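Reader: I'm new to reading protein structures, and I'd like to go through one slowly with you. Could we look at it together?

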Amino acid sequence: MLKKSNKIIAVLLVLLLTLSLAACRGGDSQISGHDEDIQYTVGVAVFNPEDPELKMFMNYYRNYIQAGFPVKFYFSDKLSSAEDENDFIRTMKEKGADGIISFYGLDVQSTVKVCEEEELYYILGSGTISDEDFDAVKDNPWFVGTVGPDPALEYQAGTSMGTYIDETGAQSCLILTGGAPSGNFMHLSRAKGMLEQLGYTGDVDALLASAEPSELTIGQMSVTLCPGYLSSEEVQENLAAALEEKDYDAVMMSYGVTSILEQLLEKEQAQGKDMTIAAVDCFSEENFEAFKAKDAYGNSQINFIEGKYASMVGPAFAMLYNAMSGHPEANSESGSAVRLYQGFWMAKDKESYVELYGYTQGIYENAYSCKDLMGVIKVFSEDASAGKLKVLTESYTVEDVKARIMEQ
């Protein structure tokens, strides 16, 4: 009888889930429930909707948050400049938006000014900005704050990867430094961590400021640096030349690997030996598939990932909801914008990646569930407070997540 009851409950849960997801409709304005149920409209600024990390965040908002809250999301097209983001914000005002979650923030000072003019709340959903930029906008009532990796943890992510590669015994390594020469704080910090962990003792800031490829020797290791964004044709040409000129035991990246993974796998096969591929990236579906797939030598296509997971952007939504609903005190006791920090998860093999990825995909059990977020949103919980928000946001580790899931 007990087994039969359990089966009935399971069927009802599936039906509930199906009905919930059916409420989300297609298009760039997928919504939860009916239009008349919507209380807030939110614009989400993304630099590239096809980027795996941003797709991961967008899917969490689109497929999970919209099923649990009376909100309507709009997602931007590709953004190439601060002015593009500002134009998107103005467009969102015309659509009746109440707030913006940004995964761009290239010029946060000018963008917050636009949000003030348009009377839209603005939060950086998963990123790090300089102290100078934060201090310049922290007292603007339309700037909610930032959620993202502690600056020190960006550097530590690079050192962790450097340690991993060093322990493989690699004698030659290709390092892609991304936006380091352009002043991208995250890429620069990660690349510094990699190089200094490998033992580089020169002027690392001067080295990483150069936009030109370079060759150096660190101990017994030959290192090739390939800087710049892969959206640039010149950088693509530099990468192709670096792969053509020599063979590598390892590749390290300060950003996502998906866009060039096939290129790296082809090089690996052509050179006749395995390459260890490591990146500060994210726990995306694309990386999930790459960890499960085999390279030419029977190993996982990617060997090491340290990065963010989908529901890490949940607390930013909670903070914006507090602001939009007139409860800024639930975010900050002082009334100023807040900086809350998270870190990264790490996977060194397929088994660890698959386990961790599973904690981010559940409808009923998620690293940051709707229930967790409602507990720090004032209109849903009278006990919501800035202190509880900080504790939840910064409880991002695997151990923290497992504990929350067990309490569900």
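Author: Gladly, and let us begin with a term that we will need: helices and strands are DSSP runs, of at least four residues for a helix and at least two for a strand, and they are numbered from the N terminus. Please also keep in mind that this is a predicted model.

Reader: Okay, so where is Glu-212 placed with those labels?

Author: Glu-212 sits in the loop that runs between helix α8, residues 204-209, and strand β7, residues 214-218.

Reader: Is Glu-212 buried or exposed, or something in between?

Author: Its relative accessible area is 48%, and buried means under 20% while exposed means over 50%, so Glu-212 is partly exposed.

Reader: And which residues form the negative surface patch?

Author: The patch is made up of Glu-212 together with Glu-233, Glu-234 and Glu-237.

Reader: Switching to pairs of charges, how many salt bridges are there in the whole structure?

Author: A search through the whole structure gives 15 salt bridges. As a general point, side chains of opposite charge can pair when their charged atoms come close.

Reader: Which residue does Lys-246 form a salt bridge with?

Author: Lys-246 pairs with Glu-215, and their closest N and O atoms are 3.4 Å apart. This pair links distant parts of the chain, with Lys-246 in the loop between α9 (233-245) and β9 (250-253) and Glu-215 in strand β7, 31 residues apart.

Reader: Which of those two is buried, and which is partly exposed?

Author: Lys-246 is buried, since its relative accessible area is 19%, whereas Glu-215, at 47%, counts as partly exposed.

Reader: What about Asp-247, which residue does its side chain meet in a salt bridge?

Author: The side chain of Asp-247 meets that of Lys-267, with a distance of 2.9 Å from N to O. Because Asp-247 lies in the loop between α9 and β9 while Lys-267 belongs to helix α10, this pair ties together parts that are 20 residues apart in sequence.

Reader: Are Asp-247 and Lys-267 buried or exposed?

Author: Asp-247 has a relative accessible area of 36% and is partly exposed, but Lys-267 counts as buried with 11% relative accessibility.

Reader: What else does Lys-267 touch, leaving aside its neighbours in sequence?

Author: Lys-267, in helix α10 with its residues 261-271, is in contact with Leu-243, Lys-246, Asp-247, Tyr-248 and Met-275, once neighbours within four places in sequence are set aside. That list includes Asp-247, the salt-bridge partner we have just discussed.

Reader: While we're in helix α10, what about Glu-268?

Author: Glu-268 has its place in helix α10 as well, and at 1% relative accessibility it counts as buried. Not counting residues up to four places away in sequence, Glu-268 touches Lys-273, Asp-274, Met-275, Asp-295, Ala-296 and Tyr-297.

Reader: How far is Glu-268 from Pro-315 in space?

Author: Their C-alpha atoms are separated by 40 Å, although along the chain Glu-268 and Pro-315 are 47 residues apart.

Reader: Where does Ala-318 lie, and what does it touch?

Author: Ala-318 is in helix α12, which covers residues 314-324, and it counts as buried at 0% relative accessibility. Apart from residues up to four places away in sequence, Ala-318 touches Leu-373, Val-376 and Ile-377. The C-alpha atoms of Ala-318 and Gly-375 are 9.3 Å apart in space, while the two residues are 57 apart in sequence.

Reader: Now back towards the start of the chain, where is Tyr-40?

Author: Tyr-40 lies in strand β1, residues 40-46, and with 14% relative accessibility it counts as buried. Among the residues that Tyr-40 touches are Pro-70, Asp-98, Tyr-321 and Ser-325.

Reader: How far apart are Tyr-40 and Ser-325 in sequence and in space?

Author: They are 285 residues apart in sequence, and 8.8 Å apart in space from C-alpha to C-alpha.

Reader: One last thing, what is the phi of Glu-119?

Author: Glu-119 has a positive phi of about 60 degrees, although it is not a glycine. Glu-119 lies in the loop between α4 (108-118) and β4 (121-124), and at 49% relative accessibility it counts as partly exposed.

Note on methods. Residues numbered from 1 in each chain as written. Predicted model: local features only at pLDDT ≥ 70, side-chain atom pairs only at ≥ 80, totals over all residues. Heavy atoms only, no water. Patch = residues over 30% accessible without salt bridge, like charges linked within 9 Å, V, L, I, M, F, W, Y side chains within 5 Å. Areas by Shrake-Rupley, 256 points an atom, 1.4 Å probe, with all protein chains shown as cover. Salt bridge = Lys/Arg side-chain N within 4 Å of Asp/Glu carboxyl O. Lys, Arg positive; Asp, Glu negative; His and termini not counted. Charge placed at Lys NZ, Arg CZ, Asp CG, Glu CD. Buried < 20%, exposed > 50% of the residue type's maximum accessible area, 1.4 Å probe, protein only. Contact = heavy atoms within 4.5 Å.
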